[in-house]
Amino acid sequence: MKALKSPFFWLILAFTAFFALFPLQGNNVTLRETLVLSAIYIILAANLNLMIGYTGYVNFGSIVFFGLGGYLTLWLVADHGWNVYLAVLLAGAVTSLLTLALGFGILRLRGAYFALATIGVNEAVKDFVSNYEPWGGSEGIFLPFSTYKAMGGAAHALWTVYFLIVMVMGASLLLSWYVKRSKFGLGLFAIREDEDAAIVLGVKAPTYKALAYSLSAFLPAVAGGLYFFKNGSVVPEEAFNLHLSIESIVMVMLGGQGTVTGPAVGAFLYERLRGLLLTTPSLSNFHLVIAGVLLLLIILFAPGGLMGWLYKRWPRVRGVLE
Amino acid sequence: MDGLLIGLVYGLAAIGLTLIFGVMDVVNLAHGAIIALGMFFLYLFFGAGLHPYLSLLPVAIVGFFLGVIVYQIAVRRIINGPPLMSLLATFAVSMIIVGIGTALWSTSPYNINFKVVTYTLGGYTVTSARLVSAVAAVLVTFGLYFFLYRTVLGKAVRAVANNREAAELMGIPSQQILAISFGIGTMLAMLSGALIATLFPFTILSGGVYELKSFVASVLGGLGNPTGALLGGIILGLIEGSVAPFIQVSWTNVIEFVIFVLILLFFPTGLFGGRR
């Protein structure tokens, strides 16, 4: 196993273990709730990075995976009595397959056209779900409280789900890292740099793109399932919130697109910043403005994000933090 | 009939979007926020005692200068970068506008109250507000065409849209032309927002709906093609008008987005577009 020799592999594991163990100290539920949001953001950003950073296709509607995963999971659990573990896996697989099929279609579009189509897909799914009666229409799906009893009571179930979410976060980071080092990842980078040249050199661009798109859907869908299971309910406005989709892009850009560490760091920092802005009374009205200004500044002056800046400042960092 | 009139207003919004894309290949994601801003500026001028239709003029002027400022701050530096950058930059602008708007006016609905007359034309009932909005949209479109095809500045805009380097070699200051084009696109968005505000109640978040309608309309007509965008808007309005009696209103959005994605897939240059 070559992976075991890489310090970065162990870094990811250590980071994940830290997330899992830190709130266990003294059963700190408040800290856990903060970290769960960070973990979700990291999952969204890391997987979105597979498209934006690696393949160079801007997915504005990546939240559709998260929402669909949530809906499928809650539907399976609430209406069909599945256990949550199987339900999230199936939700992830179904979302991923649907995305693959969709990908072969809309990934023929390039640049801005693709970006617009992804917004369209998210809004279409959201409006569809809001009107789809078996999924509760605009009221959404609620979990009966008894579902948690089967998992040893609500308090216990919440901890279990937390560890699962942290595991998905670790898996997302490992996936980003693995794809980056694989031949598949090299193909994606080639598409990002120059798609036509990549095709000429033998990269099967349509297949690669669709696979990357579908791959970037699986873990967010699983995370969506776990997150909404934890919340006990899912409504269209929350599940397909385009804003969160865009915020994920901000996280990826903030940390540095195309790197493994960047999106995770960006997501973590963004969550902290957002929390700070929302809890400071004088600033809470302006959190959107500040996020916008931040995004604009990154784009205009530091398009490589934090990691880009680090790499430039200390080129040797590149060898350790991918 | 109502569909046609509303469609013209959608068309006007779509022209603003498509003009910017046609001239500088930038998809302006701040479009919706700017439409909403148009609604609120109309509300401000109306609140100051101006008649809504008289307020359109100051709204247009504000829109133009806002567009030039946005261009200079957010777009100018990244106009030659990858599309991701301009998408994100304009989206950042949208977040800023919506954020400030939410802080100023919250997200509760507003409306413009003024006297509306109802006419009956051969079995159709039309309100004066809709009629005036449609006529205003058509007039502004004619004005735009006059500007683009009958003035020197308009000719320069078309030259820059065609080939920026060549235009620059001919002595056209392309940065200024781009700023002006962005200003005009923004002005059209503000105007359409103001016209919509005379028809329906609005919130600072309403822009999103009309932004998506503008995208659908301009994609229907082929991105970058103003006539197409106007026709796309009319088609969109007619679809909305004609399906309304048969299905619930909430389903119209699903239909619109499905059309949008299908058109993007199968007619990426629009229904009337040739090759770009």
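Helix axes are taken here as lines fitted to C-alpha atoms over the stretch in contact, and the angle between two of them runs from 0 to 180 degrees between N-to-C directions. In these terms, in what is a predicted model, helix H2 (residues 29-55) of chain A and helix H13 (residues 261-279) of chain A pack with their axes 8 Å apart and at an angle of about 140°. Because angles over 145 degrees count as roughly antiparallel and this one does not reach that class, H2(A) and H13(A) are described as oblique to each other. Their crossing is right-handed. On the side of H2(A), the contact is formed by Leu37(A), Ser38(A), Tyr41(A), Ile42(A), Ala45(A), Ala46(A) and Asn49(A), and on the side of H13(A) by Pro263(A), Ala264(A), Gly266(A), Ala267(A), Phe268(A), Tyr270(A) and Glu271(A). By class, the residues of this contact comprise 10 nonpolar, three polar and one charged.

A second helix pair was examined in chain B, where the axes of helix H6 (residues 152-162) and helix H8 (residues 174-197) come within 10 Å and cross at roughly 105°. H6(B) is therefore roughly perpendicular to H8(B). Ala156(B), Val157(B) and Val160(B) of H6(B) meet Ser174(B), Ile177(B), Leu178(B), Ile180(B) and Ser181(B) of H8(B) in this contact, whose residues divide into six nonpolar, two polar and no charged.

Between the chains, the contact draws 34 residues from chain A and 32 residues from chain B. On the side of chain B that touches chain A, helix H4 (83-105), helix H9 (207-221) and helix H11 (249-266) of chain B each supply at least two residues, and the largest share, 15 residues, comes from H4(B). This side of chain B is made up of 27 nonpolar, four polar and one charged residues.

The largest nonpolar core has 197 residues, and those with the most contacts inside it are Ile165(A), Leu88(B) and Ala92(B). When residues up to four places away in sequence are not counted, Ala92(B) touches Gly292(A), Leu295(A), Leu296(A) and Ile299(A) from chain A, together with Ala74(B).

Leu186(A), by contrast with the buried residues that make up a nonpolar core, is partly exposed, with 15 other C-beta atoms within 10 Å. Leu186(A) lies in helix H8 (residues 183-193) of chain A. Leu186(A) and Val36(A) are separated by 150 residues in sequence and, C-alpha to C-alpha, by 32 Å in space.

How values were computed
Residues numbered from 1 in each chain as written. Chains lettered and ligands numbered in written order. Predicted model: local features only at pLDDT ≥ 70, side-chain atom pairs only at ≥ 80, totals over all residues. Contact = placed C-beta atoms within 7 Å. Helix = DSSP H or I, 4+ residues; strand = E, 2+ residues; numbered from the N terminus. Nonpolar A, V, L, I, M, F, W, Y, C, P; charged D, E, K, R; others polar. Parallel < 35°, antiparallel > 145°, perpendicular 65-115°, else oblique. Core = buried A, V, L, I, M, F, W, Y, C linked by C-beta atoms within 7 Å. Buried ≥ 20, exposed ≤ 12 C-beta atoms within 10 Å, placed from the backbone. Left-handed = near helix turned anticlockwise from the far one by under 90°.
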